[in-house]
Structure formats: structure tokens, C-alpha cells
Amino acid sequence: MKFYRIAALIERDMRKFFRSPALMSVAMVAPLLQLVVLGYAFGGQIRGVKIAVVDNDHQNGAREVEQHLDAIEANAGTFKTVDYDSLSDATVDLRTGFVRAVVYIPPDYSRRIEHDDNPKLVLIEDNSDTSITGAVADRLQAVVEDLNTPQEAPRLPQQVSLQAVELYPYIDYIKYLLPGVVSLSIFVVAMIGGGIVFIDDKSRGLHEGYLVTPVHKSELVLGLVLSGAIKGTMAGTTIAVIGGMIAGIDQIWDPMRLLYVVMVIAAGSLTMISFMFLTMVRVSDPLVPRAIFGVLNTLLFFPSGAVYPVEGFPIWLRWISWIDPLSYIVHALKNLFLKNTGFRGIYSDVAVLLGFALVFLTGCTLLFKRQI
């Protein structure tokens, strides 16, 4: 073994590394980025949860409850209240994810307070996310304790109690993680098909070979994106079905449910492949997609709400979540896997994903250029 040969190889590789500023930046920034994002993406204080308030009493007792809820909204900010006239309408929006809990004030609430007849408030919980459910329940329990605390003299011998009603059966954490696993499989396929393979094919001149034929660059971009989307849909659907059986998702083989799952996965795959092509459309160094894999994974997967609710993020991380395509994939799949909401729970997410895909495809077509 000749040391000078090894040294020559080390020198060559180090020169190549320092000639690529992108690789150097990623090597230094990635650890700091993971520290910041992961440090704030887990265990944050739950804030801004939308809860429905259905007041069927409209008397002094109900107004006192609403004043306590308004005080929590104005100070701690754990939740934002939305008034509903109908319990059925509030429950429908709870099932489809527009609100995360329902506080119901029965029509006899104030009368029961006056007659010391065990007044009750009802909390209907979306227990598909235990972090949010626990935070909201804790705050409402504090409201109940405040209502039961005498101000001058004991006024409620039959104290107010909070009756919690769980909307869904107990949800194991493996079920909660399944939407994130499916979205991660879509991301990996997009990273390989829209990043690594795209750059490798371009470096081998395959794209130039296509372009010497009558194929237009827009057709080339669309063909590559659609082929990647098909592969992403196949991978995501396979993970969804197998993962659903492992996690014990009820009625995973229901035809309409599977149709909606495939619809979300297809829209998500198209969006992620388009995003990856847009990111790599002007890149020529085959090491770049491999180098930024961890950065993109950190920026897209963890802020998506796959492992911790978005309501626990600081505001700057919520902004990343709002423009993160994986957030809409995760949200739609949670509605389908954990709540079985049907089309009503996914149409807005699918529409946003298709809008992202259109923007990304347009950018890919405009930025794509020949290499010779």
C-alpha cells in the first residue's frame, strides 16, 4: 500500500468538494437546520386550535362559560372559538376537520345551575390527535374549575362538571403515523425519480437525445413528471394498503375509501415530482440531489404535521407548513385513515396540491434548457 497514492486521492476529492459551493453550504447548514427545525417541531405549546361552541341555553350561565372561553382565547390562545347554531352542523365540521372540538352548552344548563341540579358541559373531542385533544381538554377543565370556585360564598353546591365525549375509538400512534409514512414514501420516490435519476440522465446526455427528435421540451418535462407521478402513486398506494393492514385501519379495502386514498396519493405524487424537477431543473452536478436529501427531508417532512400537530409550531414554522405540499397530503390522509371523512374531508387539500403542481410544472417548462 502506497500512502502517496491515498494522499493523491484524498487531495483530488477535497479539491472537488471545495469547488462546489452548494455542497459546502449544505454540509454546514444541514446540521444547524435540523437542530432548529426539529427543536421547534416537537413539544411546542398548542395554540390556535379551532373549536366550535354550540350554545342552546343563551342564559346567564352560558354567557359566563363563553366569557371564560373568550378569556383563554385572548390570553393563552390555546384555541379560537367559532359559534354554531346547530350541534349537528358542528359535529359534521368536527368530523371533516374544520374544527377540532365542540363545546356544547345544553338548553337546561342555566336552569340546572339555579336549581343545583348537577349542570353539565359537553366536550366532543376529535381524539384522532391526542396532543390537541389533551391541550383543549386541559383548558376546558380549568374553565370548569373556575366556574366551581366560589367568589364570595359557595353558590353551586351541585358543581358544574365536564362530560367528555370522544368522537372516535382509541387511535394507536401507529395509525397516527401512517399518513406521514405514506407521504414520506412519495417524497423518497420524488427524490429518486425527480432528483437523482433526472440529474444522472441529464449528465449522460439522455435528455439531449430526446430533444434531437421532434419532441418539444414541454412534452419532455411533462412525460418525465407523469412517469414519476405514476411511480409515486404505485409506491404510495402500496404503502397505504400494507401499512393500513399492519396498523389495523378499519375497512381499508372499502372501494370508495381506496379511491379517495389513491386520489390524494396521485395528486401528492404529481406535486412532489413537479417540485423536485423544478428544484433540479438547472442543476448539473449529480452530487447535489444526494447532498440535499436530508435538508429537503427536514424542511418538508417534519413541518408537515406528520409526527406532531401544526398547532404546536411557532408562527414561522407554521408558515413553512402552509407552503409545504406534504402538509396537505398528510392532512388529507389523516382524514381518510383516521376519520373516514370521504370526499368532503379531502377536496380542499387535493385542490391545493393540484394548484401547486400546475405552478411547479409551469416553472419546470420555463426553466428547462438544452445543455449543448
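**Notebook: cavities, pockets and a surface patch**

I began with the largest cavity, for which I noted about 40 Å³ of space. The model I am reading is a predicted one, and I keep that in mind for every entry below.

Looking at what surrounds this space, I listed V65, L69, V103, L121, L140, V143, V144 and L162 as the lining of the largest cavity. Helix 3 (60–74) and helix 6 (130–148) are the elements that each give two or more residues to that lining, and the largest share, three residues, comes from helix 6. When I sorted the lining of the largest cavity by class, I wrote down eight nonpolar, no polar and no charged residues. In the whole structure I noted three cavities of 30 Å³ or more.

Next I turned to the open spaces and looked up the largest pocket, which holds about 1000 Å³ of space. I noted 36 residues along its lining, of which R100, V310, E311, W322 and H331 are the closest to its centre. The elements that give two or more residues to this lining are strand 1 (49–55), strand 2 (79–84), helix 13 (315–322), helix 14 (325–339) and helix 15 (347–367). Among these, helix 14 gives the most, with eight residues. By class, I recorded the lining of the largest pocket as 11 nonpolar, 13 polar and 12 charged residues.

I then looked up the second largest pocket, where I noted about 270 Å³ of space. Its lining has 14 residues, and those closest to its centre are P169, D250, R257, F337 and L338. Here I met helix 14 again, since it gives the most to the lining of the second largest pocket, with three residues. The classes in this lining are seven nonpolar, three polar and four charged.

Last, I went to the surface and asked myself which residues form a nonpolar patch there. I noted I174, I242, M245, I246 and W253, which together have about 560 Å² of accessible area. The largest share of this patch, three residues, comes from helix 9 (residues 217–247).

I picked out I242, which lies in helix 9, and asked whether to enter this residue as buried, exposed or partly exposed. The relative accessible area of I242 is 43%, and because buried means under 20% and exposed means over 50%, I entered I242 as partly exposed. The patch takes residues with over 30% relative accessible area, so the 43% of I242 passes that cut-off.

Key: Residues are numbered from 1 along each chain as its sequence is written. This is a predicted model: local features need pLDDT of at least 70, side-chain atom pairs count only at pLDDT 80 or more; totals for chains, interfaces and linings use all residues. Side-chain values use heavy atoms; hydrogens and water are left out. On a 1 Å grid over the protein atoms alone, a cavity is a set of points where a 1.4 Å probe fits but cannot get out, and a pocket is an open set with protein on both sides within 12 Å along at least five of seven lines; lining residues have an atom within 4 Å of a point. Grid points are joined across faces, edges and corners, and a volume is the space filled by probe spheres set on the points. Helices (H or I, at least four residues) and strands (E, at least two) are DSSP runs, numbered from the N terminus. Ala, Val, Leu, Ile, Met, Phe, Trp, Tyr, Cys and Pro count as nonpolar, Asp, Glu, Lys and Arg as charged, and the others, Gly among them, as polar. Patches are made of residues with over 30% relative accessible area and no salt bridge: like charges are joined within 9 Å, nonpolar side chains (Val, Leu, Ile, Met, Phe, Trp, Tyr) within 5 Å. Accessible areas come from the Shrake-Rupley method with a 1.4 Å probe; for residues, only the protein chains shown count as cover. A salt bridge is a side-chain nitrogen of Lys or Arg within 4 Å of a carboxyl oxygen of Asp or Glu. Buried means under 20% relative accessible area, exposed over 50%, partly exposed in between (1.4 Å probe, protein chains only).
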